[in-house]
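Me: I've got a structure open and I keep running into words like "buried" and "salt bridge". Could you walk me through what earns each label?

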Amino acid sequence: MSKNNNFDIQSPFCVLCGRTDDCPEKYGEKRTYGEYNLTVHYYCLLMSSGIWQRGEENEGVDGFLITDIRKEVNRAAKLKCNICKKKGASIGCVAPKCKRSYHFPCGIQKECIFQFMEDFRSYCWEHRPVQKFPDKESGGTSQCTICLDLVEQLPLYTVLKSPCCKNAWFHRECLQYQALSAGIFFFRCTVCNNKDNFQKEMLRMGIHIPEKDASWELEENAYQELLQCYQHCDIKRCLCKKGRDYNEPDSKWEIKRCHCCGSRGTHLACSSMKSWEQNWECMECRSIFAKSGNYSKQKKRSLATSEKTDGTTCLLEEPSPKCPRLSPGSQRSFLQKQRREASNILKELNLQVNTKTSRLHINEENIWNSALKGFRQRNFSPTNTIEIKFTNVKNRSKTDTSAASKHHFFQLLMLHLQNSSLFEGSSAKNLSLDFEAVTEDHYFEAGKMIAVSLVHGGPSPGFFSKTLFSCLVHGPENVKPVLEDVVDVDVAQTIQMIKHANSLSSLQSTIHNCYEFLAASGCLRPITALCDKNMLVNDILFHHVIKRIISPLESFRQGLKTLGVLEKMQMYPDAFSSILCHKPERLSAETICDLFTIHSSSNVNKTGAVNFWMGYLQDVESGESVVTLEDILLFVTGSFSIPPVGFDPEPTIKFLHIKYPVGKRLLNCLELPITKSYKQFKNKMEVTIRNTLRVEREYFC
């Protein structure tokens, strides 16, 4: 909105109510337009019965034309206020046959209702709407959940009841100040966070909810400190000659933050860490774990193996409620069944992919930005066949259209997403809140990339938490987060203290100590009994894990709608949970054997050749070989794991009179030599596979 700021100090009286009061909370902004010799309260103008916004917002006073305002002033000059008995009453009661007129400030004093919606109706003190509730709910006292002072549970003008919560009562004045501060996007019930029903009822009862963003969102750089990362080495004996604050990415002098609290750091070299992917805990966090009895010194593990752990570490872990559990064998069988179902579903979605190609130029050292650029290019379509060219590969000028490059690209992309700032947690991850990523729409792109990877034969992420998956499938409003979802140690400690409070006084003391946190998260609620702590814990969990990231979550869901993936997830949750929440099953000799279909000519001794093949797989599985089962799969298909959609075409084996084995990746065909002895067969396999993969690794490095 634009307005003229030419003030005329000689016209301090509002032309409609005749008052000089300047109280924006009560009467709206007082505006003076010197060139028109006009001063008016915005609410007086808005609620006047004989005027409408006939202009654009930049005309007159927010769309009220100056000529129309003059006419309304002349009309009101003939009407006497039924409250103060003075002329200029521009507002009339809309009740049938009621002829009362009054000024806006007089109406406020007499407890009239002004509805700031639709036709901007006004009701006098006799015909105003009144909230109705059973007699058994009235007569007592409650706590206003905004100011926390006592409020009478009576149908009074000064008291309002939430339409969505049985025990939520408010002072009218508290609600009005809350609405002016929160605006239409954040004003909601302070107990249950209901927005639609709550706003509808409050508007009916005369609460003005301005169409603006919340006041705390309009403050410049209000959350700037959240974007700053801790960069300081806190190890007692820092080895870096350039100082504790020196940080060189991708080197031994890169600073790694404590994965529990994030408020302490170390150079990789100062803590003898070989890889940035290793987890590191500061001394403070270790002492907390030790006191809780959950810390045990163990060998550090990289993120690649972290899926073997459950949830977050130590402090955040809680025993799960007792429920029937499948035996390891039954669980494995169930997952295998669901993965087969997911594979069939993805194969159906893969039918959308046509022969037209979209070529992506990928820099392996900057996988995210190059993938982002490729996915956003104008001619990219998820239904096109994807070709990958690695631009940082030496001695390679032609586009590599092999399946190996595409598999390699999607594997790198999924690994990057797992370790990116878009997600938080150890092995089972939820979405995090990254303001820059929200602005750049990275959550949408991440969802889109995962959907494309699943349908185009890439790997699945495998790191979704059950909470994140449930939010995507069932909607965030139907999900109940658990303590293991909380990564922030301070928040986890707060929840633990509230949950383990053993008396009402200790509970209230804990709430008092974390009052600012609870107020900022909208989780303040009246506490009258010890059992109220359970609802408070649920509120904090829901706010921190879900409500706080509701915008990123919605963008992520929109991205997953690509190629119809989200719709299928919602139709077949068990099937997709097996590939999104679980890492691929480790390859076994039996898995590889079942994967390949054997073809051989009639003049080949099929039994002997197959026995050599099966024996070799057993040797590889038991570690009696220089190659692995993953190497064999990579040699034939270009992928070291079986993608959820499976391989197209299906892998086959041919036994031929050739000198060495050949992996035809475009056909997913393994051609094996026919030998006289198993020793010869094994030697040819190992020499060929090892040398081929060594050359490929040099090519990709």
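Me: What makes E118 exposed?

Reply: First, keep in mind that this is a predicted model. E118 has a relative accessible area of 72%. Exposed means over 50%, so E118 gets the label. You'll find E118 in the loop between β5 and β6 (122–123).

Me: And what is unusual about the phi of E118?

Reply: Its sign! Most residues other than glycine have a negative phi. E118 isn't a glycine, yet its phi is near 50 degrees, a positive value. E111 also has a positive phi, about 65 degrees, although it is not a glycine. E111 is found in the loop between α4 (104–109) and β5 (113–114).

Me: Is E111 called buried, partly exposed or exposed, and why?

Reply: E111 has 30% relative accessibility. Buried needs under 20% and exposed needs over 50%, so E111 falls in between and counts as partly exposed.

Me: Why is the D68 and R54 pair called a salt bridge?

Reply: Side chains of opposite charge can pair when their charged atoms come close. The cut-off is 4 Å between a side-chain nitrogen of Lys or Arg and a carboxyl oxygen of Asp or Glu. For D68 and R54, the N to O value is 2.8 Å, so the pair passes. D68 lies in helix α3 (residues 66–76) and R54 in the loop between α2 (42–47) and α3, so the bridge ties together parts that are 14 residues apart in sequence.

Me: How do you know which partner is buried, D68 or R54?

Reply: Set each value against the cut-offs. D68 has 10% relative accessibility, and under 20% means buried, so D68 counts as buried. R54 has 57%, which is over the 50% needed for exposed, so R54 is exposed.

Me: What makes E445 and R376 a salt bridge?

Reply: Here the N to O value is 3.1 Å, again within 4 Å. E445 lies in helix α13 (residues 442–455) and R376 in helix α10, so this pair ties together parts that are 69 residues apart in sequence. E445 is buried at 7% relative accessibility, while R376 is partly exposed at 39%. In total, the structure holds 14 salt bridges.

Me: Why is helix α10 described as mostly covered?

Reply: Just count: seven of its 10 residues are buried. They are I367, W368, S370, A371, L372, G374 and F375.

Me: What makes F185, F186 and W216 a nonpolar patch?

Reply: Their nonpolar side chains are joined within 5 Å, and patch residues need over 30% relative accessible area. Take F185: its 46% clears that bar, and F185 is called partly exposed. Together the three have about 290 Å² of accessible area. F185 is found in helix α5 (residues 172–186).

Me: What is odd about the peptide bond from D648 to P649?

Reply: Most peptide bonds are trans. The one from D648 to P649 is cis, with omega near 0 degrees. P649 lies in the loop between α24 (629–637) and β18 (652–656).

Me: Last one: how many charged residues line the largest cavity?

Reply: None! The lining divides into seven nonpolar, two polar and no charged residues. Among them are N430, T467, L468 and C471. Helix α14 gives the most to the lining, with three residues. The volume of this cavity is about 40 Å³.

Definitions and conventions: Residues numbered from 1 in each chain as written. Predicted model: local features only at pLDDT ≥ 70, side-chain atom pairs only at ≥ 80, totals over all residues. Heavy atoms only, no water. 1 Å grid on protein atoms, 1.4 Å probe; cavity = no way out; pocket = protein on both sides within 12 Å on 5 of 7 lines; lining within 4 Å. Points joined across faces, edges and corners; volume = space filled by probe spheres on them. Helix = DSSP H or I, 4+ residues; strand = E, 2+ residues; numbered from the N terminus. Nonpolar A, V, L, I, M, F, W, Y, C, P; charged D, E, K, R; others polar. Patch = residues over 30% accessible without salt bridge, like charges linked within 9 Å, V, L, I, M, F, W, Y side chains within 5 Å. Areas by Shrake-Rupley, 256 points an atom, 1.4 Å probe, with all protein chains shown as cover. Buried < 20%, exposed > 50% of the residue type's maximum accessible area, 1.4 Å probe, protein only.
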